[in-house]
Amino acid sequence: MPRASTLPRLPWSLPSVKVLITTGLFITMFWNLKYVINLSDVFSKAPKHTKPLMILVWEWPAKQAPDISTDICRDLYNITDCWLTMDHGLLSQADVVVFHHDVLQQSRDKLPKEKPPGQNWLWVSLESPTNTKALAGWNETFNWVMTYRQDSDIFIPYGKLVPNWSATVNIPRKTRLVSWVISNYRRTQKRAEVYKNLSRYLHVDIYGKANNKPLCKDCLLPTTSKSKFYLAFENSIHRDYITEKFWRNSLMAGTVPVVLGPPRANYEQFVPADSFIHVNDFESLAELANFLKTVNSSRYRQFFSWQKRYSVKLYADWRERICTICTKYPSLPQGRVYPNLESWFKA
Ligand SMILES: *[C@@H]1O[C@H](CO)[C@@H](O)[C@H](O)[C@H]1NC(C)=O
Ligand SMILES: *[C@@H]1O[C@H](CO)[C@@H](O)[C@H](O)[C@H]1NC(C)=O
Ligand SMILES: *[C@@H]1O[C@H](CO)[C@@H](O)[C@H](O)[C@H]1NC(C)=O
Ligand SMILES: *[C@@H]1O[C@H](CO)[C@@H](O)[C@H](O)[C@H]1NC(C)=O
Ligand SMILES: *[C@@H]1O[C@H](CO)[C@@H](O)[C@H](O)[C@H]1NC(C)=O
């Protein structure tokens, strides 16, 4: 390779030639840039689908079906071209039909006999596999799944942290040590056993139906917020199964969650490592109890560091979850079915 100094020098050393070439380059560059900008502008303005999507919700997942006769996805969540209906008569026109797991548990006859071509059926559940019955026999029925599991086609967590530049640390005043809200206490559950052992070392304030101290909807957070720690014990232990016990009763309330659930690493996929205590962080429940009783205030405050950067967003409204289907729709795989729903979910 010739070195730079051996290249013919004359034309390049002429200032006018340099200026000419550089100017030419710049003009070409800007011309191309302009072209690129214009094109991307055109693309982003183009509608993603030509007609609104029709989402048929076969049965509303919660007891009270809300009024969905207006354009609620646009009005509530700014999601356009997303039409929700519960009218079974529109089956042949629907792009997606949503089946909450409750429907499957009732009877096979509750489902339509045939699936119109091009239509996608979506299986929806927020329960864990332990509490999901009658999942067998749904081979090659559903195209997509929407659950709390991250590997779902549509992932619907119970909550998440959202960045918040104006967030400030706010620790409610503490008058109690540990609280727990429990409506279904079953001795055989892991959480009941852990509670029982832990309560040998410290006092736990228990609320909820199981203890004849039910809390009204608006009393829950003010109550749990008074204690330094909250037992965010899941009813069963499964990957990604992190529920409102963690997001709402603890983080949202401003109390530190002591979690019993999937491994610590799984929680750390969703929240900072120093925002919670895992039951398995300790060799024994005696050690856990000792930590809870003796933690000093600077260490305690550290559990709230996440509040400097994030806020908790809860997902509690089925309307929001269902409207999300339209947002995800363009990126979901077409023409695929789950060969065996049970083996996917129980894996
Ligand atoms: C609604 O969405 C549109 C397009 O995505 C966006 O330009 C607009 O700012 C959003 N409005 C609100 C209130 O978020
Ligand atoms: C569902 O598929 C699995 C394997 O993919 C098979 O073992 C099972 O028998 C099938 N069940 C039904 C009801 O067809
Ligand atoms: C961000 O934090 C501020 C201060 O705590 C709060 O008032 C506001 O609601 C938060 N925003 C969101 C989107 O959560
Ligand atoms: C609870 O205590 C009993 C009796 O000491 C022990 O056998 C059991 O393993 C403990 N369970 C847990 C989850 O620590
Ligand atoms: C508070 O506890 C932490 C961890 O247990 C310890 O490292 C720190 O020195 C303690 N701070 C004070 C002021 O005692």
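This briefing walks through the surroundings of one ligand and the aromatic rings of the protein. Keep in mind that you're looking at a predicted model. On the ligand side, five residues are the ones to find: Glu193, Val194, Asn197, Arg200 and Leu285 sit around ligand 4. On the ring side, the count comes to 24 aromatic pairs, and a few of them are picked out below.

**Around ligand 4**

- Start with helix H5, residues 190-198, which supplies the largest share of the shell around ligand 4, namely three residues.
- Sorted by class, that shell is a mix: two nonpolar residues, one polar and two charged.
- Glu193 makes a polar contact here, with an N or O atom of its side chain 2.8 Å from a nitrogen atom of ligand 4.
- Asn197 joins in too, and this time the partner is an oxygen atom of ligand 4, which lies 2.3 Å from a polar side-chain atom of Asn197.
- How much of ligand 4 does the protein bury? On its own the ligand exposes 360 Å², and the protein buries 43% of that.

**Two edge-to-face ring pairs**

- Take a look at Trp144 and Tyr329: their ring centres are 5.8 Å apart with 85° between the planes, and the pair is edge-to-face.
- These two come from distant parts of the chain, 185 residues apart. Trp144 belongs to strand S5 (residues 144-147), while Tyr329 is in the loop between helix H11 (318-328) and helix H12 (341-346).
- Are these partners buried or exposed? Trp144 is buried, and Tyr329 is buried as well.
- Now try Trp180 and Tyr185. Why does this pair get called edge-to-face? Their centres are 6.3 Å apart and their planes meet at 65°; planes over 60 degrees apart count as edge-to-face, so the pair fits that label.
- Trp180 has a relative accessible area of 1%, so this residue is buried, because buried means under 20%.
- Tyr185 comes in at 33%, so this residue counts as partly exposed, since that value falls between the 20% and 50% limits.

**A ring cluster**

- Which residues do ring pairs link into a cluster? They are Trp123, Tyr148, Tyr158, Tyr241, Tyr338, Trp344 and Phe345.

**Charges over rings**

- Lys313 has its charged end over the ring of Tyr315, at 4.6 Å from the ring's centre.
- Lys228 does something along those lines with Tyr300, lying over the face of the ring at 5.3 Å from its centre.

Conventions:
Residues numbered from 1 in each chain as written. Chains lettered and ligands numbered in written order. Predicted model: local features only at pLDDT ≥ 70, side-chain atom pairs only at ≥ 80, totals over all residues. Heavy atoms only, no water. Near = heavy atom within 4 Å. Polar contact = N/O pair within 3.5 Å; in protein donor to acceptor, adjacent residues only side chain to side chain. Areas by Shrake-Rupley, 256 points an atom, 1.4 Å probe, with all protein chains shown as cover. Helix = DSSP H or I, 4+ residues; strand = E, 2+ residues; numbered from the N terminus. Nonpolar A, V, L, I, M, F, W, Y, C, P; charged D, E, K, R; others polar. Phe/Tyr/Trp six-rings, centres within 6.5 Å; stacked < 30°, edge-to-face > 60°. Buried < 20%, exposed > 50% of the residue type's maximum accessible area, 1.4 Å probe, protein only. Lys NZ or Arg CZ within 6 Å of the ring centre and 35° of its normal.
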